[in-house]
Amino acid sequence: MSGDLARRSVVAGLAAAPMALAAVGADQLSLTRPQCLDQAARGRNRYFGAAVRADQLGLDTALRECVLRECGWITPEIHMKWDQLQPRRGWWTFTAADALVVFAAQNNLRLRGHTLLWHQSTPRWVASALRRRRDWRIVSDHLREVVLRYRDHVAVWDVVNEPLDGRVGRYPRPNVFLSAFGPGYVARALREAAELAPDARLAINEYGFEYVNADEDERRAAFLSLLRQLKAEGAPLHEVGIQAHLDLGKGPTYPEVLKPFLQAIADMGYRISITELDVREREFRLPVRERDRRVADAVRAYLDIVLEVDAVDGVSTWGIADRYSWLQEIAIRGRHGPNRGLPLDWDFRRKPMFWAMRDALNA
Ligand code: G3I
């Protein structure tokens with residue numbers, strides 16, 4: 001990437017700031033237990049990462065230092081999505097995604113390419129163009145432009161995000177790609193991405209598998225059916241991303257349900273990453289200590305189950321500090337205080353969820 005990139009970067013500070021690791025408090029140093037999440041994960045040949053935004057990383061030194069201290073991987077929360085890269089036809093805005101690529105390269109962080117095709121981040125001009133004319137070249141052009149630009153920097157691509165129907169949990173989700181090209185669009189996108197980036201690991205990424213209820217029971221079955229179908233077709237799929245947005249209102253996670261589901265994915269030969277772990281709270285009037293305990297217990301219970309599956313390569317949280325969690329958007333709409341569903345609190349202090357993750361990753 002050319003040197004003028006750093007100058008053009010919306011977050012030049014991000015590319016130029018000293019990347020020294022934050023000094024970890026002396027009280028946290030221990031010669032026996034890993035103190036940072038990626039360090040704990042690496043001890044078991046796994047990784048820890050987090051979703052980040054270029055603007056927040058560039059502007060918030062404390063956030064940047066926490067990411068550098070805790071993470072071995074990063075995922076662009078929004079900047080590699082189609083609606084952020086090409087909001088209008090022919091008008092590409094790569095600067096923020098480029099800045100994250102520079103940040104990852106400068107700090108030896110691995111990068112997850114999130115995400116090439118997703119109904120929710122498809123620009124309006126694409127949807128209207130595909131409704132007028134089922135022209136796959138619109139998709140091909142996007143895949144080519146983005147994958148060729150970043151293929152030397154992205155370790156795993158979320159080629160298709162959330163292909164299951166959000167309402168009834170069956171495949172395929174009704175979306176503009178299904179309408180235009182039929183259910184085969186998933187395999188077609190995987191094949192084109194594989195041609196463009198033969199060395200990259202290709203994934204599909206999905207949510208809604210953590211709990212026992214009619215909807216998620218159906219989603220797990222539908223997802224396994226889709227994976228079997230892609231395997232039968234010989235689609236170049238290497239990994240499955242399990243988003244893992246936990247929800248304290250949905251009850252416990254059951255090992256006897258979750259582990260066989262993940263093991264069935266692994267038995268098909270797919271690797272697995274937990275890609276968007278966070279916890280949606282439901283009881284905001286409880287004392288913070290109780291709220292944090294419930295979040296930590298749910299995360300520990302979940303990770304103790306999933307980390308028993310050898311095919312699970314790593315865990316990423318969707319953000320690392322409550323201050324920047326997407327769940328605050330829901331909190332604001334719900335008129336309750338900030339959600340406390342990430343490892344670090346509003347002021348980047350480690351919470352019980354952090355220690356629960358550290359201990360689970362290092363178990
Ligand atoms: O950039 C525009 C800005 O120009 C505009 O003024 C503003 C108000 O309309 O919107 C800004 O874009 C927003 C973007 O976040 C950046 O803030 C989008 O409207 C908003 O929809 C987008 O939300 C993101 C969402 O994905 C859609 O891309 C969330 O922050 C992000 O956390 C969320 O992440 C998803 C994963 O990709 C997939 N799994 C679920 C997860 C949570 O929904």
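**Notebook: rings, ligand and odd backbone spots**

Started with Phe348, which is buried at a relative accessible area of 12%. The cut-off I'm using for buried is under 20%. Phe348 is in the loop between α15 (327-333) and α16 (352-361). I looked at its backbone too: phi is near 70°, so I noted a positive value in a residue that isn't glycine. I should keep in mind that this is a predicted model.

**Same loop, another residue**

I stayed in the loop between α15 and α16, where Arg340 also lies. Is Arg340 buried or exposed? It is buried, with a relative accessible area of 17%. Next I checked what its side chain touches, and found a polar contact of 2.7 Å with the side chain of Asp292.

**Second positive phi**

Glu162 came up next, with phi near 60°, again positive and again not a glycine. I placed Glu162 in the loop between β4 and α10. Glu162 has 8% relative accessibility, so it counts as buried. Reminder to self on the background: most residues other than glycine have a negative phi, and most peptide bonds are trans.

**Cis peptides**

That sent me to the omega angles. I found a cis bond going from Tyr171 to Pro172, with omega near 0°. Pro172 sits in the loop between β4 (154-161) and α10 (176-181), and Glu162 belongs to the loop between β4 and α10 as well.

I also logged a cis peptide bond between His114 and Thr115, where omega is about -15°. Where is Thr115? I find Thr115 in strand β3, which covers residues 110-117.

**Ligand**

His114 turned up again when I moved to the ligand. How many residues surround the ligand? I get 16, and the closest are Arg53, Glu77, Lys81, His114 and Glu276.

I then went through polar distances to oxygen atoms of the ligand:

- Lys81 puts a polar side-chain atom 2.6 Å from a ligand oxygen.
- His114, the residue with the cis bond to Thr115, has a polar side-chain atom 2.7 Å from an oxygen of the ligand.
- Trp318 has a side-chain N or O atom that is 2.9 Å from a ligand oxygen.

For coverage, I took the ligand alone, which exposes 800 Å², and the protein buries 57% of that.

**Aromatic pairs**

I ran the ring search over the whole structure and got eleven aromatic pairs. I opened one of them, Trp82 with Trp125: the rings are edge-to-face, 6.4 Å centre to centre, with 85° between the planes. The planes have to be over 60 degrees apart to count as edge-to-face. Why does this pair tie together separate parts of the chain? Trp82 is in helix α6 (residues 82-85) and Trp125 in helix α8 (residues 124-132), so the pair links parts that are 43 residues apart in sequence. I checked burial as well, and both tryptophans are buried.

Following the ring pairs outward, I got a cluster made up of Trp82, Trp125, Phe177 and Tyr185. I looked at Tyr185 on its own. Tyr185 lies in helix α11 (residues 185-196). Tyr185 has 2% relative accessibility, so I count it as buried. I also took a C-alpha to C-alpha distance from Tyr185 to Trp136: they are 9.4 Å apart in space and 49 residues apart in sequence.

**Charges over rings**

Two entries here. I have Arg149 lying over the face of Phe94, at 3.9 Å from the ring centre. I also have Lys231, whose charged end sits over the ring of Tyr270, 4.6 Å from the centre of that ring.

**Overall shape**

I finished with the whole protein. I count 16 helices and nine strands. The C-alpha trace spans about 60 × 50 × 40 Å along its principal axes. For 363 residues, a compact globule would have a radius of gyration near 21 Å, and I get 20 Å here, which agrees. Burial over the protein: 59% of the 363 residues count as buried. Among the buried residues I looked up are Phe348, Arg340, Glu162 and Tyr185.

Terms used. Residues numbered from 1 in each chain as written. Predicted model: local features only at pLDDT ≥ 70, side-chain atom pairs only at ≥ 80, totals over all residues. Heavy atoms only, no water. Phe/Tyr/Trp six-rings, centres within 6.5 Å; stacked < 30°, edge-to-face > 60°. Helix = DSSP H or I, 4+ residues; strand = E, 2+ residues; numbered from the N terminus. Buried < 20%, exposed > 50% of the residue type's maximum accessible area, 1.4 Å probe, protein only. Lys NZ or Arg CZ within 6 Å of the ring centre and 35° of its normal. Near = heavy atom within 4 Å. Polar contact = N/O pair within 3.5 Å; in protein donor to acceptor, adjacent residues only side chain to side chain. Areas by Shrake-Rupley, 256 points an atom, 1.4 Å probe, with all protein chains shown as cover. Rg over C-alpha atoms; globule rule 2.2 N^0.38 Å.
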